[in-house]
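Reader: Please take one close look at the salt bridges in this model, and then set them in the context of the chain that carries them. I would like the cut-offs behind each term as you go.

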Amino acid sequence: MEVYEFTKTYEERYHEIQRVFQKKDNPIPASRVRLEFLIYLEKFFNIPEWQALWKIPRFRCEKMNLKFPSNILGLVSSVDFTTGIGKFSPCVDDLPENEELEEEYNVPIEQLWVSMEQDDPKFKADEAAEAIDAFRYFLTYIWLPWDAQESDHVDYFGKFVLMRLQMLCDMKTGKIRRSTAAHIREHLVETRRLSEIRDIVQEDEPSEELPKVEILVKINAQLNLLQAKLTMLQDASLREIYEAAHLDIPDKYDFIIVTESQDRLSDILGHVGNIDSGRFCNTLQNALMSSNASDRIYIGSGKHTIGFREYFNSSGSICGVKKLENVPERTEGGLKPQDVPIVCSEMQDHFLFVCNGEFTFENILFDCSNVKYGFICQDQAKLTLRNCIIRGNMRQSECGIDLKGRGSAILENCLIIDCFYGIGMKSGTKVDLIGTDIVRCEYGIFLEDDCDVTLENSNFRECTNFGIYLENVKCNGEIDEREFSDLADLQCLPGFQISGNCAGNALIEAEKMDV
């Protein structure tokens, strides 16, 4: 089941939040913000039932004994717009094997994604989905748990919305130093985690195993500390003072060497060369947390676990010090931690890396077995991978590289293996595969119309469905076959350049153009 999802600029986000607030005669105080949003939402739901996807948050997955992430299709029978809680009944046919769920759950409306397929044709699902998306974005990125304590005399929209949106924009564009941005996001994630735990504790009955008052006192103390820090960090005029007092901003350097490795340090230094202008970090995570986006980072063999949410851009790079040879042939997992740097996520997560500018990775195996996406490339991303492997897990890894916006990727001597989609491409994106193989995926490349694909000596092997799947490609009627066994024949379609020896098959969904 497909659901509505939206990608918007910060300016668009500002205006959609403004629509909720602007029709009031007086500024809305913080104590009424959630209720006003729910009143705004209610007018979009004029039917008793609608289909939705419940994206269950981590803490609730743990409580329900489900793996995270878990998404369940179902029917929303009613929503109480004074609380924002909906009655959700899971679709039995969609449940995984051996999964037993209750017949009905109380689910916050922000955790529900409206399905594109609805039983009631009168329901304007797209408008309802966009309204929920605005509410979800507000709760995720603007609202903080202590906001409800603000005085009713304070204009919430005027005081907080623009300031926090500007901070998020500056974190993305690089106006805020990346290490500071990582520090801010770390505090925001911890704030929301503690807030969720507090809500759970407040709902549960106290017991000897659950000393409720003691736990709540500790959580509130931690939240008070986070509030003091984020109050300074979100204010541009106070941020520099905070950085000087709390963040270790290193002196100028040309590159970073990560010392955590199964290689001897002397071997790493031998590959790097002159180290006089470099600095050392003990882990890749620490290097990312204290570096600029434009830095060069060198890593040795071994497992490097990260949990980093910031953007990769500004012509930076992360390079394994040993060059990997004949990467497309490494399909049987012969590489071990002592042979290659292995970068992986510290927990089940949505993505491993997100790029919105130019960035390069070399000589690295990316273990994507516990993430949905290996790389997300958006906006003006220009991702380059050399001598790299993206290794997924068919149960968890939806896409090795997801290209959207005007994103592009170049892969040289690389391998993508065991992902549902090796590469996913939205309209307007570009990919170059040079000496690169995509192996054991459902689809090697899954793309929309108006994409650019260049293949040079690259292959699609053991893909369950097709090496290349083109969705709704516009043609003038000259192409009458839908399946291609010779990739060279794809050159008759706009946007394809094929050279050298390329093997695999392709399927197109042709949409004939009016002549």
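Author: Lys430 counts as partly exposed at 35% relative accessibility, a class that lies between buried (under 20% relative accessible area) and exposed (over 50%), computed with a 1.4 Å probe on protein chains only. Its side chain meets that of Asp432 in a salt bridge, with 2.7 Å from N to O, where a salt bridge is a side-chain nitrogen of Lys or Arg within 4 Å of a carboxyl oxygen of Asp or Glu. Asp432, at 15% relative accessibility, counts as buried, so the pair joins a buried acid to a partly exposed base.

The model is predicted, and for that reason local features need pLDDT of at least 70 and side-chain atom pairs count only at pLDDT 80 or more, while totals for chains, interfaces and linings use all residues. Residues are numbered from 1 along each chain as its sequence is written, and side-chain values use heavy atoms, with hydrogens and water left out.

The structure holds 23 salt bridges. One of them is formed by the side chains of Glu130 and Lys8, at 2.7 Å from N to O. This pair links distant parts of the chain, since Glu130 is in helix α4 (residues 125-142) and Lys8 is in the segment before α1 (10-21), 122 residues apart; helices here are DSSP runs of H or I with at least four residues, strands are runs of E with at least two, and both are numbered from the N terminus. Glu130 is partly exposed at 33% relative accessibility, and Lys8 is also partly exposed, at 22%.

Helix α4 holds another such pair, in which the side chains of Asp133 and Arg136 meet at 3.6 Å from N to O. Asp133 and Arg136 are three residues apart in α4, which means that about one helical turn separates them. Asp133 is buried at 9% relative accessibility, and Arg136 is buried at 12%. These residues do not stand alone, as a network of salt bridges links Lys8, Arg13, Glu16, Glu130, Asp133 and Arg136.

The helix that carries part of this network is itself mostly covered, with 13 of its 18 residues buried. The length of α4 also agrees with expectation: at 1.5 Å a residue its 18 residues should span 26 Å, and its end C-alpha atoms are 25 Å apart, the expected span being 1.5 Å times one less than the number of residues.

Near the start of the chain, Glu11 lies in helix α1 and is exposed, with a relative accessible area of 58%. The C-alpha atoms of Glu11 and Leu165 are separated by 8.6 Å, although these residues are 154 apart along the chain.

Turning to the chain as a whole, the domain assignment, which is automatic or taken from a database, gives domain 1 (10-164), domain 2 (176-246) and domain 3 (255-510). The centres of domain 1 and domain 3, taken over C-alpha atoms, are 34 Å apart. The secondary structure comes to 10 helices and 31 strands. The radius of gyration is 25 Å, close to the 24 Å that the globule rule gives for 515 residues, so the chain is as compact as a globular protein of that length; the radius is taken over C-alpha atoms, and the rule is 2.2 Å times the number of residues to the power 0.38. Of the 515 residues, 50% count as buried. Among contacts with a separation of 6 or more, 58% join residues 24 or more positions apart, a contact being heavy atoms within 4.5 Å.

Disulfides (pairs of cysteine sulfur atoms within 2.5 Å) provide no further links, as a search of the whole structure finds zero of them. The sulfur of Cys355 has its closest cysteine sulfur in Cys377, at 4.8 Å, which is too far for a bond. Both cysteines are covered, with Cys355 buried at a relative accessible area of 0% and Cys377 likewise buried at 0%.
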